[in-house]
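Q: Give me a close look at a single part of this one, please: the aromatic cluster. Then follow it outwards into whatever packs around the neighbouring elements, with the cut-offs spelled out as you go.

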Amino acid sequence: MSPAMEEIYTFAGNPLDRVSQRRRDTAWIASLLDDPQTRLLPLRELKPLVRDGSPDELDWQPVMPWRALIEDGATLILLGLRDGRARFALDATAMGDGADGATADVRALASRIDGGEAAILAEARSLIDWHTRHGFCAQCGTPSVADSGGWGRRCPNCRAQHYPRVDPVVIMLATKGERCLLGRGRRRVGSRFSCLAGFMEPGETLEEAVRREVLEESGIRVRRVRYLASQPWPFPSTLMIGCLGEAQSEEITIDPEEMAEVRWFEREEVRAMVARSRSDEPIANQTTLPPPLAIGHQIARRWAFGIDSV
């Protein structure tokens, strides 16, 4: 039996109990910080610390060495509990590059660490990035303060509450018979093609967003749409919603503002592209897919090998 989509892709399968019902319990959170079993993950410039000598392992640390930074107001996130032990994330950017410990790029690290750890890392990165971008009240402009264990911000002036948002993005493979539609955006270097994708708009269903985005970027009309799976994507905080679409037309008319190229690919071509897409670096003069950590790679791969159809 082939594995389900959610058993394959990166940033899924978070093992933490997020204890959302206790995030406003400040006394309980303080007790977690006093617990010697509690661990926190420092991030500098959104890059996590990794273990000395083990660059493919997150460096979860005791709270005590970071007390001063926490008391100075650095962003602290209660990520949840794992095996009854609390896990926090801390924005350690204020310590600068001179601080002890090496950091790693999340995108490069994610495919090399345990899947559950990668999912926790996505949670941590997205939340710290959100706090960095939302330091002021959207209602009155007053500097806001972190609240609810790092899962919100509160305005001390107008008392407005602000919470992290996830931006939904549809990513879809339009197919017609033995061919599928892949595109290369204007900002994409080399010959790397992927599924078409775009942000959902207010008032749209998933199916409507899929049809609109495919039509806008390629001129291809899509009829039937099938949902496959979703993937958290912490750059900065989106939810990639994977779909297949049944193409009604064949003639391509690209949107030159967004797309450099859109093409039909035969199933055998996509299989070869899968084999060439094991690296993060594009291969010169050869068409490839995104690396396997991206849901776009997994959608195309599964269609190419006959696992999924509309």
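A: Rings of Phe, Tyr and Trp (for Trp, its six-membered ring) count as a pair if their centres lie within 6.5 Å; planes under 30 degrees apart are called stacked, those over 60 edge-to-face, and the rest tilted. This is a predicted model, so to speak of a local feature takes pLDDT of at least 70, and side-chain atom pairs count only at pLDDT 80 or more, while totals for chains, interfaces and linings use all residues. Residues are numbered from 1 along each chain as its sequence is written, and side-chain values use heavy atoms, leaving out hydrogens and water.

Searching the whole structure turns up four aromatic pairs. One of them is Phe11 with Trp233: the ring centres are 5.8 Å apart and the planes sit at 75°, so this pair is edge-to-face. It bridges a long stretch of sequence, because Phe11 belongs to the segment before helix 1 (26-34) and Trp233 to strand 13 (residues 222-233), 222 residues apart, where helices (H or I, at least four residues) and strands (E, at least two) are DSSP runs numbered from the N terminus. Trp233 also pairs with Phe235, again edge-to-face, at 5.1 Å centre to centre and 70° between the planes. Put together, ring pairs tie Phe11, Trp233 and Phe235 into a cluster.

How buried or exposed is it? Here buried means under 20% relative accessible area, exposed means over 50%, and partly exposed is in between (1.4 Å probe, protein chains only). Phe11 has 3% relative accessibility and so counts as buried. Trp233, at 15%, is buried too, and so is Phe235.

Now follow strand 13 outwards. Strand 13 is among the elements covering the buried residues of helix 7, along with strand 10 (167-176), strand 11 (179-185), strand 14 (238-247), strand 15 (259-266) and helix 6 (267-275); the contacts behind that mean heavy atoms within 4.5 Å. Helix 7 (residues 295-304) is mostly covered, with nine of its ten residues buried. Those include Ile295, His297, Gln298, Arg302 and Trp303. Trp303 has a charge for company: the charged end of Arg267 sits over its ring, 4.2 Å from the centre. The test for that is NZ of Lys or CZ of Arg within 6 Å of the ring centre and within 35 degrees of the ring normal. After helix 7 comes Gly306, with a positive phi near 75°.

Of the strands covering helix 7, strand 11 deserves a look of its own. Six of its seven residues are buried, so strand 11 is largely enclosed by the rest of the structure. Strands pair through backbone hydrogen bonds in a sheet, either parallel or antiparallel, and two strands are called paired if DSSP finds at least two bridges between them. Strand 11 runs antiparallel to strand 10, with three bridges joining them; Thr175 has Cys180 in strand 11 as its bridge partner. Strands 10 and 11 make a hairpin with two residues between them, and Gly177 in the turn has a positive phi of about 65°. Strand 11 also pairs with strand 15 in the antiparallel sense, this time over seven bridges. There, Arg184 has Glu261 in strand 15 as its bridge partner.

The other charge-over-ring contact worth a mention is Arg23, which lies over the face of Trp151 at 3.7 Å from the ring centre. Elsewhere there is an open sheet of three strands in the order 7-8-9, with antiparallel pairing. Strand 7 (145-147) and strand 9 (161-162) are at the edges with a single partner strand each, so one side of each is left without a neighbour in the sheet. Strand 8 (residues 152-154) pairs with strand 9 over two bridges, and Arg153 has His162 in strand 9 as its bridge partner.

One last arginine: Arg212 is in helix 5 (residues 206-218). Its relative accessible area is 15%, so Arg212 is buried. Not counting residues up to four places away in sequence, Arg212 touches Phe199, Met200, Glu201 and Glu204. With Glu204 there is a side-chain polar contact of 2.5 Å, the term meaning a pair of N or O atoms within 3.5 Å; within protein, one must be able to donate a hydrogen and the other to accept it, and residues adjacent in sequence count only if both atoms are side-chain atoms.
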